[in-house]
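Student: I have a new structure open and I'm not sure how to read it. Could you walk me through a few features?

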Amino acid sequence: MTRKRRRLIVLLACGLGLGSAAALTLSAFSDTLELFVPPSRIATDAPHGGRAFRLGGLVEAGSVERVSVAGQPAARFRVTDGGATVSVEYVGILPDLFREGQGVVTLGSLRPDGVFKAQEVLAKHDENYMPKDVADALKKSGNWHPETGAAPPAAALWNDPQTKITKAGS
Amino acid sequence: MSASQAFPVPSRNLHRFANPGRFLRLSGRLLPWLATIGIALSAVGLGWGLTLSPADWQQGDAVRIMYVHVPAAWLASFGYANLAAASIAALVWRHPLADLAAAEISPVGAGFTAICLATGSLWGKPMWGAWWVWDARMTSVLVLFFLYLGHIALVRAFDDPQRGARAGAILALVGVVNLPIIKFSVEWWNTLHQGASITLTGAPTMAPAMLWPLLLVAIGAMFGFAALVVARTRAAVMERRIRGLLLARAQEGEAA
């Protein structure tokens, strides 16, 4: 065995050891690496006793109620992940991307009555990048009804050069 | 001690390029091409992306930050993969240019990572509502930035450059663990950062009018990255030559 070969084998062995150590560590700490807790996992994963955590999910369609608390803008809405739903109260300015059907991550704590009191609301952006004219064309052609709080159609529908949807509207 | 004695010249595969004279000749011919293609593609892509491409339906013009952010992010990881490859070549085959190249890759990679973090933060404030969140993607990219900084500091921290290069190579290889974490962080854990729009397996979830300028900038930035590293490695080779010549002259002076 040449020295080069030995060095290569030692390096591979170290890499294998380090890689498995990292994989085990990450899987052991997997829960704490999650940024937020979805509504359906609150009972099992969220801290109890009014301690702060991040709640994440989609803003339920038709649930947003904008109010004013002591002259400050405030909002009440529900966050859902399909399985469970949590009511959220927030006093402050919502981010630009906040709307019904949008993903949000909000920091706060659960009150005894089960309402989530948010101190911070962040909007999540998904992996879809759609030009304005495509969005307009989708609405015009009846393929998307944003007023119902529906998320835009999947990219496969409007991003395929074969589909005529974008052209039908423009 | 002359420069050609400082580098032994075995004539097999990888070591063909180990001869510093040959490296300087080849890279001297390559460099103008790398730089020209890099600048031209980046300029066209950025001009297209920043002015002509459509605004996003919900992000508006803020989507244009992506044309800088995404190529910088790709190159931050790609650059680290190159740093790791150079480190393997240095540790296993003792390739004499690999150490020099590794020391020159890390500052360039750190620069691209800094651009990625800064532009991401500028986009995050108006879109998400926060400059920074400790989610898995952002934290792992910050770790990548610190790995680059650590490598920059470590290879220069020893009086003997050989020992510095060796310690740096080991650090670089340990840090490779971070690359799959960056890539898959948005799939393994829930994060604020969005998932990948462009994947090897599926159709992109980005309109073609946005995708093309992005790919142009990305390819241009890759050429630019290569040009920067090649230019810096050339400078390092020449620096080492000059140091060798000066040392030889000083020793001659002592002997006389």
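Tutor: Sure, and keep in mind that this is a predicted model. Let's start with helix α1 of chain A, residues 3-28: its 26 residues reach 37 Å from the first C-alpha to the last, close to the 38 Å expected at 1.5 Å a residue.

Student: How many residues of α1(A) are buried?

Tutor: Zero out of its 26 residues, so α1(A) is hardly covered; a residue needs 20 or more other C-beta atoms within 10 Å of its own to count as buried.

Student: What about a single residue: is A:Glu65 buried or exposed?

Tutor: A:Glu65, which is found in strand β2 (residues 65-69) of chain A, is exposed because it has 11 other C-beta atoms within 10 Å, and the cut-off for exposed is 12 or fewer.

Student: Which residues is A:Glu65 in contact with, leaving aside neighbours within four places in sequence?

Tutor: Those are A:Ala75, A:Arg76 and A:Phe77. Take A:Ala75: it sits ten residues from A:Glu65 along the chain, yet their C-alpha atoms are separated by 5.6 Å.

Student: How many residues of chain B are in contact with chain A?

Tutor: 34 residues of chain B, and they touch 35 residues of chain A. On the chain B side, α3 (66-92), α4 (96-127) and α8 (208-255) each give two or more residues, with the largest share, three residues, coming from α3(B). That side divides into 24 nonpolar, eight polar and two charged residues.

Student: Where in chain A is the pLDDT below 50?

Tutor: Chain A has a mean pLDDT of 84, with 91% of its residues at 70 or more, but residues 164-170 fall below 50. Where pLDDT is low, don't read the predicted coordinates in detail.

Definitions and conventions
Residues are numbered from 1 along each chain as its sequence is written. Chains are lettered from A and ligands numbered from 1 in the order in which they are written. This is a predicted model: local features need pLDDT of at least 70, side-chain atom pairs count only at pLDDT 80 or more; totals for chains, interfaces and linings use all residues. Helices (H or I, at least four residues) and strands (E, at least two) are DSSP runs, numbered from the N terminus. The expected span of a helix is 1.5 Å times one less than its number of residues. Two residues are in contact if their C-beta atoms, placed from the backbone, lie within 7 Å. Ala, Val, Leu, Ile, Met, Phe, Trp, Tyr, Cys and Pro count as nonpolar, Asp, Glu, Lys and Arg as charged, and the others, Gly among them, as polar. pLDDT is the predictor's confidence in each residue, from 0 to 100.
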